[in-house]
Amino acid sequence: MGWILGAERLFHFRKWQQDSLIQRFLGGPCPHHSPLYKELNRLGKTNPNLKRNLQKLQIERIRPCLPPSLILDLDSTVETVYGHQEKAAKGVNSHKPGHPSFHPLLAFEGQSRMCVYAQLRTGNVHPSINAGPFLEQAFELLGEQKVKYARIDKGFGGEEFYALLEKQKIGYAGKMKWTKRLAAEAAKCRVWKRYVDEEWIIEGIALWYQATSWTTPRRVAVIRKAKIVQDDQACLLLDTDWQYEAMVTLLDWEATDLWRFYNQRCRMENYIKEAKRGFAMDTIATGSFEANETDLLVKLLAYNLYERFKRDCCKPVHSGYTIARFRLEFFHCAATLVSDSRTTVLKLTKEFANRYTWKRMEFQIAQLE
């Protein structure tokens, strides 16, 4: 509740300790905010199954919102720390170079915006390290839920990872590093299929390519783009005018179709940004690694609950609202909690602009119960 309402750190929970509506919901007075630090540490040490139970709870809560065929988007992010937290280490950190950090792995479902699985890791590991076991654990949690496609960042590439997806018969599209060896193979292709966009000339080809770490050749789609020159004369495009991108895939699609499908994975950056800015995912609560991982899973549970709330109880116009906007328009409103004749009524102020929308959401919640 605290993460949904806007607490960014554990001591911000003191703001909600005296809130009469929260006390009514919990059935009594709220605990003091200071035991939250101790509880996170205690749970991480005394309950070895807590992490797995939280992950199962995530899937249980979001399963009704998942489509029949899933699109799994995989990425990693950096969480900078400013103390001596356990397992924090110096790694690739573009925002705060030289600072220790954590480097969690995240898996989102691309159609529903839900976070399916997450894992906190030390900050000096590459995304591809233990990426295979991470994916296997996600499949295990999903159970019989079918994953049809997977879109993966170039940091996850590797023979073990691609072989796992091929074994599961999942159509994947993964970004590749543009190397000299791959550029030489693409240069041998003479026939490119051209598509003209409003501002770009886009050309694509598909070829079979085997990287040095692969045990077998795989299909690679190569896209090159060049800016359209706005003048009346014909322009000869040089090799230096093109921007190249490459994706390894199991799908037998046109190169441009695959490229556009993969580019939809960029929305995952917005999901991660929402989890960070809206639910303080990158704020590290304690010095214990286990406690911080528990805190991460609770924050992502709050994120998923909010996404499901918008789906089940709000109008379609609210589906794009961030939690910050939702708090501003609906949560932070004046009201009076009145108890009379064993009945409790929440009376919203008449000046509340969204009171009728608020009442509709309240009715939808009652219908769910």
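The paragraphs below lead through this structure, from the chain as a whole to some of its sheets, cores, loops and a pocket.

The model is a predicted one, and its chain holds 12 helices and 14 strands. Taken along the principal axes, the C-alpha atoms of the chain fill a box of roughly 80 × 50 × 40 Å. Of the 369 residues in the chain, 45% are buried. When contacts between residues at least 6 apart in sequence are considered, 62% of them join residues at least 24 apart.

A good place to begin is with the strands. Strands of a sheet pair through backbone hydrogen bonds, either parallel or antiparallel. In this chain, three strands form an open sheet in the order E2-E4-E3, and the pairing is antiparallel. Strand E2 (79-80) and strand E3 (89-90) stand at the edges of this sheet, each with a single partner strand, so one side of each is left without a neighbour in the sheet. Looking at one of these pairings in detail, we find that E3 and strand E4, which covers residues 100-102, are joined in the antiparallel sense over two bridges, and that Ala89 stands opposite Ser101 in E4.

Another pairing can be followed further along the chain, where strand E13 (residues 335-340) and strand E14 (residues 343-348) run in the antiparallel sense over six bridges. Within this pair, Leu337 has Leu346 in E14 as its bridge partner. The hairpin of E13 and E14 has two residues between the strands, and Ser341 in this hairpin takes a positive phi near 55 degrees.

Why does a positive phi deserve a remark? Most residues other than glycine have a negative phi. Two further residues other than glycine, Lys87 and Arg113, also take positive values, with the phi of Lys87 near 70 degrees and the phi of Arg113 near 70 degrees. Lys87 sits in the loop between E2 and E3, which links it to the open sheet described above, since E2 and E3 are the edge strands of that sheet. With a relative accessibility of 46%, Lys87 counts as partly exposed, because that value falls between the limits of 20% and 50%. Arg113 is placed in the loop between strand E5 (105-109) and strand E6 (115-119), and its relative accessibility of 27% makes it partly exposed as well.

From the loops we can turn to the interior. In soluble globular proteins, nonpolar side chains tend to be buried together. The largest nonpolar core here has 46 residues, of which Leu106, Phe108, Leu300 and Phe326 touch the most other members. Helix H10 (residues 289-313) gives the most to this core, with 10 residues. A second, separate core has 42 residues, including Leu66, Leu74, Tyr209 and Val220. Returning to Phe108 of the largest core, and not counting residues up to four places away in sequence, we find that its contacts include Ile71, Leu72, Met268, Tyr271 and Tyr303, and also Arg113, the loop residue whose positive phi was noted earlier.

Gln58 offers a view of how parts of the chain that are far apart in sequence come together. Gln58 belongs to helix H4 (residues 50-62) and is buried, with a relative accessible area of 5%. Although Gln58 and Leu301 are 243 residues apart in sequence, their C-alpha atoms are 6.0 Å apart in space. Leaving aside its neighbours within four places in sequence, Gln58 is in contact with Cys115, Leu297, Leu300, Leu301 and Asn304, and among these Leu300 has already appeared as a member of the largest nonpolar core.

Lys350 makes a useful contrast, for it lies in the loop between E14 and helix H12 (355-368) and counts as exposed at 72% relative accessibility. Its C-alpha atom is separated by 23 Å from that of Ala324, which is 26 residues away along the chain.

The last stop is the second largest pocket, which has a volume of about 820 Å³. Its lining consists of 31 residues, of which Thr77, Val78, Glu79, His95 and Lys276 lie nearest its centre. Strand E1 (69-76), E2 and helix H9 (267-279) are the elements that give two or more residues to this lining, and H9 gives the most, with four residues. Sorted by class, the lining of this pocket has eight nonpolar, 14 polar and nine charged residues.

Technical notes:
Residues are numbered from 1 along each chain as its sequence is written. Side-chain values use heavy atoms; hydrogens and water are left out. Two strands pair if DSSP finds at least two bridges between them. A nonpolar core is a set of buried Ala, Val, Leu, Ile, Met, Phe, Trp, Tyr and Cys residues joined through side-chain atoms within 4.5 Å. Buried means under 20% relative accessible area, exposed over 50%, partly exposed in between (1.4 Å probe, protein chains only). Contact means heavy atoms within 4.5 Å. On a 1 Å grid over the protein atoms alone, a cavity is a set of points where a 1.4 Å probe fits but cannot get out, and a pocket is an open set with protein on both sides within 12 Å along at least five of seven lines; lining residues have an atom within 4 Å of a point. Grid points are joined across faces, edges and corners, and a volume is the space filled by probe spheres set on the points. Ala, Val, Leu, Ile, Met, Phe, Trp, Tyr, Cys and Pro count as nonpolar, Asp, Glu, Lys and Arg as charged, and the others, Gly among them, as polar.
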